Each structure stands twice: as C-alpha cells, then as structure tokens.
Amino acid sequence: MNRIKILFSTLLLTLFTINLQAQNSCELRNEEPLYLNTSYSFEERAADLVSRLTPEEKQTLLGNTMYPIPRLGINKYDVWGEALHGIVGRNDNAGMTATSFPNSIAVGSSWDPELIRKEASVIADEARGFNNERIFTLTYWSPVIEPARDPRWGRTAESYSEDPFLVSELASGFVRGMMGDDARYLKSVPTGKHYIANNTEYNRHTGNSELDERDMREFYLSPYKSLIEKDDLPSIMTAYNAVNGIPVSASKFLVDSIARKTYGMKGYVTGDCGAIGDIYQGHHFLKDGVEATAAGLKAGVDIDCGGEYQSNALEAVERGLITMADIDRALINMMTIRMRLGEFDPPSIVPYSRLREDIINDPAHNDLAVEMATKTPVLLKNEVVKNGNSKALPLCAENISTIAVLGPQADRVELGDYSGPIEAHYSISHLKGLRNYIEKHNLPIEVFHAEGGDTRSKTDFFVLRSFTALKENGDRREYNATEFDDAASGIITNERFGNLTLQGIKDGDWTAYHNIDMNNLDSLILRLSVMQEGGTLEVRVDAPTGNVIASQIIESRSESRPFGRG
C-alpha cells in the first residue's frame, strides 16, 4: 500500500511539472515568437520560423518567387534581382530609373577594386531606395566571376577579365560594396555566378565540361574560393552545364563538399533559371522533375528558379528520395539571408532602412559613373602621325576641317547585358556627342557618317516552340514546332530553358508542316521568343511561296501571338 502511494505521488508530481512547463511555453509563445526576437542569432531565428511552416507552405517558399505566409508575417519575395552594373527593373517604383554604370569588362580595364567597391555601394544604396517601403528583392545575381576564357562565349562583357586572380580582386570590391560594412545587417546580397565552367552558350543547357583537377581548382574555382574565404560571399548560382558528367546543380561534390564544407560558404545557393529542370530535360541525368528536385536539394541548391521544387518537393519526400530535413535546411539557408537583410526587424535598428527613394539616380551617382567611364578605355596605340611631328591624339581642333565617323556602332547607345533603362538625356551616341561638342564650341568642322556594315545578328529573329490551331467552334490542337516535315537550311532543333525549340531562323527562312487541318480555322497561336527587333511572320499554304493566309508584324517581346484568318 505504501509503495502504491509513493508511485501515485510521483505520478502526480510528474503531471504537475509537465502541465507547468506547457503553461510556461504557451505564455512564451503568446508574448513573442523566437524568430522575431532580435537577441537570438539570425540562424536560430530562421530555424524557428521554418519550424512553424506547414509542409505545403514550405514547398511554396522553395522557388524564385517566395509566396507570402501572412499568418507568420512572411511577405512575397522575389529572389531574382539583377545589378551587374546598376539595378535592372524588377522594382515597385514605377517610372524611376537606376544609375547605369559601365559594363564589367570595361570596368575590369580600370584594375581598381576600390573604384568597383564604390560603384557597388551606390548600386546597393539605390537597391535599398527601391526597397524602402517593403523589402521585396535585395538578392542580386551579380557579379559574374566566371573568367572570360574565350571571346566566343557570348558573356564576355559580363565578366571582369580572363584572369582568375584579377577577377577575384575586382569582384571582391563589388561583393564588399554590395554587402555594406555593418557588422550585423547586409545592405544587399551579391551572388557569384555561374558556378562553374559556364563558358559556352550554344549548348549550355546540355553541355558537359571535362575538367582535370588542376584546371578546375586553379582556374574555374579560384574566384569562388577567394571570395568565399576572404569576403564571406553569401550566395552563388549553379550553372546549367554538367562538369565531368554530372550536372552542377546535382553535384553534391561541387556544391556541398567544395563550396560549403571546404570553402565555408554560408548563405544560400540558387540554381540558374531552369537549371534544375535541365538535370532531366537537358542532360537526361535523371528521369523526371521529382528526381531532379531531390538531387538538387541533396546537393545543396536551396532555391530553384523554375517550377520544379515548388511542384515536386513534397512528392520527393513521399517517394523517400529526400526527407523534410533536406527541405528545412534549404529554407533555413534562404530565410537566414532574409533575416540578415533586416526584413523581420524594426526599421529603427536596421541602418540601411534610412536609405530612401531620393537616393535613386542621385547626381553624385552619375558623377561616379562618368568617373568610371573615363577610367575604363584602353588605348592600344597612339603613334606619331605619318609626315608629322605629333601623335594622333589628342585631336587638335584648329587643324581639322572634316571628320569621318564610320561603323555600325557610331550612332547607337548600347549599355551591355543586364542594363536597365536610363534617362534620355544620358543616352548619347559617339556621333551625337561629337556633333554636340563641335556645335557647342562653334568649330568649323564638317562631320560625315556612314555605317559601313551591320554587326547585328542575322539569326534567331524568332525562337519557335509550338503553335496551336484554334477552330471557330473553340476546339484547339497544339503542334510541336520542332516536328516539321521540311525546313530551310540552317534551322536547327535545340534545347532552350529545358524545352526543344527551333533556332537559327534567318530572314526568309521557313518550316513546313503536313497534315495540318485548316478547315474552319479561326486563328493560329504561336509560342515564340522574339529576338533583335522582331520581324514579320507569314503563314502560307501548299508551299513556302504559296498563298499567304495570315501575316503579322511581331515586335521584340516574348509571348503567345494569335494569327487571325487571312
């Protein structure tokens, strides 16, 4: 009897203790959730926030567009931002234009990391100006730290140099400028790309880069190692291509073992847009999107710029390919970065929240852009003029009566890849600038201009994926444009963002499709991407020179275009 009493008393004590702990826990939850408590580390707060999400909510946050979770105070957030030499679009401040700086390969010619740090600091200031009311994009997919090994790459203007050491030093200035110098908060988040060996364009969704150990370590990985170890680079982007047979976005060796465990990278990893889909669609490395999702998450790619993660993550868990811990790890990495931006903290304690809209395109920023522009040109030769005693430059206006300005770039303003719009009065071509100078100084000089050629691409006016025949009764049938019966020479079928497309389309080219039911046809809807300035599309029957039944001018933008009856 005494024994029973003792056990019973112990049980009552245990129950009392448990109830008391539960009550205290509830009181804590009612006061303030840990993820909003600034006395904890950002990592601890992010882990707490992720633990409060449902599985379905977790899946919605795994993509480039992270959906809002109002009950937890999580706002919509776009991971993708561009800031290679100025903020590019993707902002909520209609009509406001950011300062545009010279492109990377030009700035690389300055050999001045401190100048690039100043540029990036201004870019980050303007980023904060755009995000002042609400943080919606402060993660930017810049700089490009892939060395420009071959000028045929097509991305040369995005990189600083062909030398990995120089790339590392110059990119260091950019990374430090973007991150800011506060000990706790990030001004913005730079992302080093494209990790790694992304040196071709024509097959970048399907290509395999064969690298020996030395080439990989000393050339391709070198800038990443330097920036992660010395500057705490907070983000990298995995490239489309494979390395030694394994797509980078599925490579646990490259992403987890090298970048994270060896170099010590903290922060988040994003795949390039469509890179997770390329694992199975482009490289045929795995069989479907569920397997590709699992491979990406297990490799350490936290965010998918595409639809794979947000469609397949929970199914990958159900199949046993990953666990919920793999999803949690990815979300904690991303939410830690959002925490470090001050998104969940009172603005009064985030120093960069004081940067307002009026910082955007500040006149001092334009002065810096001009300074950078004057430090970027490279003069290869300035020899003594034949039959003269002086060098060709600088030009001596009193000795000149005529100037011929030749070439297709003379009267164009091209700011380079990832350039946003600029104010019209800053957009002055070489020819216009020369004429303005002559007019301003009232010089008796006549200027002649001729293009002399056209360097614009004559290929890929249109990149066609599919077309749909819409009948008058509403019935529709979709056709794969790559399954043509005949075509003009030079048209190829290639992968683009994981989908088969027609490419290499030149002026006057055609494709022919047999057995298309044209009876009672209301319209044809073409899914295409428009390159260059666009052009004219015609639909003919019987032959490439047959009767035109529809014709439309297509401007330079990507969309589905209906063709009405001709």
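The following legends describe close-up views of a predicted model.

**View 1. Strand 12 and its parallel neighbour, strand 13.** Strand 12 covers residues 402-406, and its side chains alternate between two faces. Ile-403 and Val-405 point to one face and are buried. Thr-402, Ala-404 and Leu-406 point to the other face and are not buried. In a regular strand, side chains alternate between the two faces of the sheet. Strand 13, formed by residues 446-450, pairs with strand 12 over 5 bridges. Within this pairing, Val-405 of strand 12 has His-449 of strand 13 as its bridge partner. Between the two strands the chain passes through helix 15 (residues 430-440), and this β-α-β crossover is right-handed.

**View 2. The surroundings of Ser-104 in helix 4.** Helix 4 comprises residues 104-108 and includes Ser-104. Ser-104 has a relative accessible area of 2%, and it is classed as buried because this value is under the 20% cut-off. Leaving aside residues up to four places away in sequence, Ser-104 touches Leu-84, Ala-157, Glu-158, Ser-159 and Tyr-160. A polar atom of the Ser-104 side chain lies 3.3 Å from the backbone oxygen of Glu-158.

**View 3. An open sheet of 3 strands.** The strands are arranged in the order 6-8-9, and their pairing is mixed. Strand 6 (208-209) and strand 9 (246-247) are the edge strands, each pairing on one side only. Strand 6 runs parallel to strand 8 (residues 242-243), and 2 bridges join them. Ser-209 has Val-243 in strand 8 as its bridge partner.

Technical notes:
Residues are numbered from 1 along each chain as its sequence is written. This is a predicted model: local features need pLDDT of at least 70, side-chain atom pairs count only at pLDDT 80 or more; totals for chains, interfaces and linings use all residues. Side-chain values use heavy atoms; hydrogens and water are left out. Buried means under 20% relative accessible area, exposed over 50%, partly exposed in between (1.4 Å probe, protein chains only). Helices (H or I, at least four residues) and strands (E, at least two) are DSSP runs, numbered from the N terminus. Two strands pair if DSSP finds at least two bridges between them. A crossover is right-handed if, with the strands pointing away from the viewer, the path from the first strand over the helix to the second runs clockwise. A polar contact is a pair of N or O atoms within 3.5 Å; within protein, one must be able to donate a hydrogen and the other to accept it, and residues adjacent in sequence count only if both atoms are side-chain atoms. Contact means heavy atoms within 4.5 Å.
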